Amino acid sequence: MPFALLKYGFSKKYPARHSFTPRKDLNQHYDVVIIGGGGHGVATAYYLARYHGITNIAVLEKGYLGGGNTGRNTAVLRANYLTEEGVKFYRESLQLYRGLSNEFDFNIMWENRGQLTLATTDAAMRSFRWRAEVNKHLGVGSELVDCQQIKELVPLLNLSENGRYPIIGGLWHYDGGTARHDAVAWGYAKAACERGVELHQLTEVTGLKITNNRIKAVQTNRGIVECGCAVQAVAGTSSLLAGMAGIKLPIHTYPLQAMVTQPYKPVLGPLVSAPHVHVYIQQTSRGEFVIGGGSDPYPLYSTRSTLEMKESLSSAIQELFPFIGNARLLRQWAGITDMTPDYSPIMGLSPVDNYYLDAGWGTWGFKATPICGKTMSELVATGKVPDLIKPFGLDRFYRFEQVNEAGATAASH
Amino acid sequence: MKIIHCPLNGPRNISEFAYGGEVEAMPDPVSCSGDEWAEYIFMSDNPAGLVREWWLHVATAYWFIAERNTVTDEIIKTYPPSELYKQRIEFAKDID
Ligand SMILES: Cc1cc2nc3c(=O)[nH]c(=O)nc-3n(C[C@H](O)[C@H](O)[C@H](O)COP(=O)(O)OP(=O)(O)OC[C@H]3O[C@@H](n4cnc5c(N)ncnc54)[C@H](O)[C@@H]3O)c2cc1C
């Protein structure tokens, strides 16, 4: 049997398929250069090729495809935000997620698990009611639940009244879910490359050539590339790249850590978030428990993990699910996240005419990958800012019109 | 455990401290433009490297200044604000 497999593997009849651009030299010129090969970058390339007939595109990635926050996030997909602008935007993204596996002919493992956020105070319940009403009004599935309903959704949750923070209710977002993060990046990249887009990994942008307020070329570690326009989608290093274009952003870069246990039988359906102890959890389809929490306490450009964060996540999660005290941790990691003051992204035009921004995705941008790609591609192709992302322009900070999603983000991602 | 040398309390666990943002000169809130004010309160160079920041020792409510490397996670030095600020700043002056 192993021999037969080997023969099959080396047979000329079944050549290896290349899903992404094989390594080749950079062209001298591309119509669009997208800086950053995370989910947002490759999604933008895909929608440009698919809907706007623009295929002379290079996606430049300094490391490997999806090796930034796209490959590090905990894959909470939800739309139960607070502001109308936010809910409408993330709602569209969830809708796109549902169709992606079919669209790519490649399984991104989208699962409609539902997401439950827990409350321990009346103030939290009031804000949940507010969110549930805004959500329902805009067609997003969210409702308030009491402890009896929570018990039915998550039988293993510690609902004791004698705990340190007894749970009094929750926000049940039955439209929420999860997907395999790597597969989302691979699916978009594969579908973009099939349409002629070039993905160049190990290609770092080190400078931007701007004359008369227009970007003409990008400098890379593999030479200079001219471009008709450029999009930046580099998450944690957004400020540094924008700085090369002389643009200042309202962003601070903070590490965000997560960890995963050994696998268990399937016991936890919904994704559960407990903002009062800064922890959230989900069980992957492999059975592991992925546990995450709030950002690090101070800005840093480093993906180191800390014992303090492990201790705080572990103690918090054991209060909710005491049996997890017996689990062993398998892995830990961190990403660097581009945090904005209002927990909403910065998307759209920049002070440089043909240079577009997709930044400020902080701890919540994986869920937005499809809609970012779709709206950014429309912006690049037409030069007009789509209505859906108008509220997220950089200029909102100069008009003092922030889109406050701090309360609806916190430990829910 | 990471240690910060507090100018008032000596070496303490970093968990006793709170980060308070970069040290920046405040434009005059009465005479500056809206853009200048937005720039001051929102925008940041967010450098990868050396930064000068406000930190608070929470238990003693003591604010001081720390210089830190945001790539290596090293605290390079800490000192009392009086080393930078020689005069008292009247925040509420001229505002009714
Ligand atoms: C631990 C953790 C948990 C998270 N959990 C969630 C969650 O549950 N739900 C959710 O919605 N979001 C979550 N997020 C946030 C989410 O991961 C990000 O917002 C999102 O993945 C950003 O996607 P992106 O494509 O913009 O960035 P990235 O995937 O980070 O891609 C940017 C790419 O740009 C490259 N790059 C940077 N500089 C350059 C340069 N100069 N030249 C070339 N390439 C460059 C990087 O190498 C990187 O690959 C989480 C983040 C972390 C770290």
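Buried area is the accessible area that two parts lose on being put together, summed over both. By this account, chain A and chain B of the predicted model bury about 2000 Å² between them. Carbon and sulfur atoms give 58% of that area.

The interface of the two chains can be described residue by residue. On one side, 23 residues of chain A are in contact; on the other, 24 residues of chain B. Within chain A, three residues lose the most area to chain B: Lys248(A), Tyr298(A) and Tyr398(A). Together they account for 32% of what the chain A side buries.

Polar and charged pairs also cross this interface. The count between chain A and chain B is 12 residue pairs in polar contact, with both residues at pLDDT 80 or more. Two elements of chain A, helix H7 and strand E10 (252-263), each supply at least two residues of the side that touches chain B. Strand E10(A) gives the most, with 3 residues. By class, the side of chain A that touches chain B divides into 15 nonpolar, 5 polar and 3 charged residues. The number of salt bridges found across the interface of chain A and chain B is 2. One of them joins Asp73(B) to Arg304(A). The closest N and O atoms of this pair are 3.4 Å apart.

The partner, chain B, has 1 helix and 6 strands. Read along the sequence, these elements of chain B follow the pattern β-β-β-α-β-β-β. The C-alpha trace of chain B spans about 45 × 30 × 20 Å along its principal axes.

Chain A itself is assigned two domains. Domain 1 is made of segments 26-73, 182-250 and 342-408. Domain 2 is made of segments 113-174 and 252-339. The contact between the domains takes 18 residues from domain 1 of chain A and 14 residues from domain 2 of chain A. The C-alpha centres of domain 1 of chain A and domain 2 of chain A lie 30 Å apart.

Between them, domain 1 of chain A and domain 2 of chain A bury about 1100 Å². Of this area, 53% lies on carbon and sulfur atoms. In domain 1 of chain A, the residues that lose the most area to domain 2 are Arg72(A), Gly236(A) and Thr363(A). Together they make up 42% of what the domain 1 side buries.

No salt bridges are found across the interface of domain 1 of chain A and domain 2 of chain A. Polar contacts are found there: 8 residue pairs, both residues at pLDDT 80 or more. Helix H7 (238-244) and helix H10 (406-409) of chain A each give two or more residues to the side of domain 1 that touches domain 2. The largest share of that side, 3 residues, comes from H7(A). By class, the side of domain 1 of chain A that touches domain 2 of chain A has 8 nonpolar, 9 polar and 1 charged residues.

The model also holds a ligand, with 36 residues around it. Of these, Glu61(A), Asn69(A), Thr70(A), Thr74(A) and Lys367(A) come nearest. For Asn69(A), a backbone N or O atom lies 2.8 Å from an oxygen atom of the ligand. For Val205(A), a backbone N or O atom lies 2.9 Å from a nitrogen atom of the ligand. Thr237(A) uses its side chain: a polar atom there lies 3.1 Å from a nitrogen atom of the ligand.

Methods:
Residues numbered from 1 in each chain as written. Chains lettered and ligands numbered in written order. Predicted model: local features only at pLDDT ≥ 70, side-chain atom pairs only at ≥ 80, totals over all residues. Heavy atoms only, no water. Domains from an automatic or database assignment. Contact = heavy atoms within 4.5 Å. Buried area = accessible area lost by both parts, 1.4 Å probe. Salt bridge = Lys/Arg side-chain N within 4 Å of Asp/Glu carboxyl O. Polar contact = N/O pair within 3.5 Å; in protein donor to acceptor, adjacent residues only side chain to side chain. Helix = DSSP H or I, 4+ residues; strand = E, 2+ residues; numbered from the N terminus. Nonpolar A, V, L, I, M, F, W, Y, C, P; charged D, E, K, R; others polar. Near = heavy atom within 4 Å.
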